Structures are given as C-alpha cells and as structure tokens.
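User: I am in my first year and would like a close look at a single part of this protein, the part where side chains are packed away inside. Could you take me through it slowly?

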Amino acid sequence: MTDNTITQSPDDFDWFKNNGIYMPMINDTGRNIAYKAAIERVAPGSVMCDIGTGTGLLSILAAKAGAKKVYSIEMDPGRAKFARDMIDQLGITNIQVINKNFLRCDRGDIPDDIDYFISETIGNPIFNENIVDLSKHAKQWGGTFIPGKIEVTAEVYRNHPILPLVYAESEAFEFQPDIEIDDAYEKTINDTFQQKHPADNYTDEDLETLAEISDKKELKELAKSNGWEDKKIRDALK
C-alpha cells in the first residue's frame, strides 16, 4: 500500500481512486466461493483473525459462520472505520476491528491464540502485498493460515513483454458477490459505491438515445465508446 492510497475516514473511501480494485475483487465469484467454503468449514467455535479486512467481508462471513471471536486487522484508518461502521450496522458483536499493520501487532493487540487466520493479501504480482511475511508473523499465535499454500505456474516466452496491471479505477457498477453474505452489507456497499460512480453523470439525452436503440451490437458499441455502464443501459431499455 502506497501513501497515495491511504484514507483517513470513510468519506475518503473512494472506490475509483484509493480503492480502485475493491469492487472487482469483492465481485470475484471464484474468490468469494472459495473463501466462504473454507471459512464455513473451520469457523464454528473458532477464534479467527482476518488480515487486511478492507470492507469487512471475510470477517463478516466468519462471524456468520459461527466463529467464537474474530480479530479484524486493517492498517488503513479510513478502511478500518468503514469496516467498523459496517459491522456495527449489522449488529455483529464478536468482531474486533484493529486499525494497525498486522506486521506490528503483538500479543498486546491480539491476546488470544488464533485457530485460523484468513487473508486475501494477494496482489496481481501475487506476493506484492506481503502475504509471505504476514503468514510468518502469524506463527506466534499458532493456528492455520488460509490460504495454506499458493501454486504458481510459469510459462516461458521469447521476447514477450510482461506488463504489471494496476487498476486505476473500477469499471464495475454493482456489487454482485454471487454468495450469500448479508442483505444490509450488500445494500451498504452498493449505496456507497453507486453514489460515487461516474455513471451517475448520464444526461436525460443519453438515456433517451439508449432507449431508442434496439440493435444489441450497436448498443454495446455506443455504450463502450461513451463509457456507459450496463446497469444504466438495462434501466434505459426497460
């Protein structure tokens, strides 16, 4: 995490700048299904720790799956406050949000032994979010780290350019996790996200133009060239 992504309050929680990858990430169906399944297998009666909680998604899944206690660690002040507010809104009382870099946490911050750690601190280049160091630091509390291993498959190309991808903004419009979480959580994410989405800048003329187009191919090409989002297109065609 670089300094220009740090947020100080939920008002700074900008889905399109500071948190550009958040919506595609929490919309990742495969990721959501895998983490939810792993959490539900081990959560009942367990003490768990979510490293890099972000919006609180994995912590909430753990609490709802029957975890006895969840320590929710987030180093960014704005994200930590966002997660704490979300958890309070849902009425969940067994999640403790700690605003601190996990690598600086000790037994004073997390006094309990941990049964299971969960973390999605995996970047596009895999190891750029310190998941190896985080998992090593977690050993002092015991327990099992989820994910337990990462398999890397490599292919060799001759003279092939390799470009790291860093998302500057989210192109998604709706939070659609494809797993059961909590209706209030989903509504809060969508409300805070959509209020700041560039698609809110559509004019009435834009929507009238969309409504007059019946050719799906032409509609998609026009939408792409103008940066229009699928939800607004669907609404215009109703």
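Analyst: A residue is called buried when its relative accessible area is under 20%, exposed when that value is over 50%, and partly exposed in between. With that in mind, and remembering that this is a predicted model, we can begin with helix α3, which is mostly covered, since seven of its eight residues are buried. The buried residues of α3 are Leu57, Leu58, Ser59, Ile60, Leu61, Ala62 and Ala63. After α3 comes glycine 66, whose phi is positive, near 105°.

The next step is to ask what these covered residues belong to. The largest nonpolar core of the model has 33 residues, and those with the most contacts inside it are Ile39, Ile60, Ile95, Ile181, Tyr185 and Ile189. Two or more residues of this core are given by each of α1 (22-26), α2 (29-42), α3 (57-64), α4 (77-90), β3 (95-98) and α6 (183-194), and the largest share, six residues, comes from α3. As a general background, nonpolar side chains tend to be buried together in soluble globular proteins.

Tyrosine 185 shows in detail how parts of the chain meet, for, leaving aside its neighbours within four places in sequence, it is in contact with Thr55, Leu57, Ile60, Met86, Leu90 and Phe175. Two of these partners, Leu57 and Ile60, are among the buried residues of α3.

Helix α6 also holds phenylalanine 193, which is buried because its relative accessible area is 0%. Although phenylalanine 193 and methionine 23 are 170 residues apart in sequence, their C-alpha atoms are 8.4 Å apart in space.

A charged residue can be covered as well, as glutamate 120 shows: it lies in the loop between β4 (116-119) and α5 (131-137), and it counts as buried because its relative accessibility is 16%, which is under the 20% limit. Not counting residues up to four places away in sequence, glutamate 120 touches Met25, Arg31, Tyr35, Ile51, Leu58 and Glu129, and of these Leu58 is one of the buried residues of α3.

For contrast, we can end at the surface, where Phe127, Val132, Ile150 and Val152 form a nonpolar patch with about 320 Å² of accessible area together. Isoleucine 150, found in the loop between β5 (144-146) and α6, counts as partly exposed because its relative accessibility is 34%, a value between the limits of 20% and 50%.

Technical notes:
Residues numbered from 1 in each chain as written. Predicted model: local features only at pLDDT ≥ 70, side-chain atom pairs only at ≥ 80, totals over all residues. Heavy atoms only, no water. Core = buried A, V, L, I, M, F, W, Y, C linked by side-chain atoms within 4.5 Å. Buried < 20%, exposed > 50% of the residue type's maximum accessible area, 1.4 Å probe, protein only. Helix = DSSP H or I, 4+ residues; strand = E, 2+ residues; numbered from the N terminus. Contact = heavy atoms within 4.5 Å. Patch = residues over 30% accessible without salt bridge, like charges linked within 9 Å, V, L, I, M, F, W, Y side chains within 5 Å. Areas by Shrake-Rupley, 256 points an atom, 1.4 Å probe, with all protein chains shown as cover. Salt bridge = Lys/Arg side-chain N within 4 Å of Asp/Glu carboxyl O.
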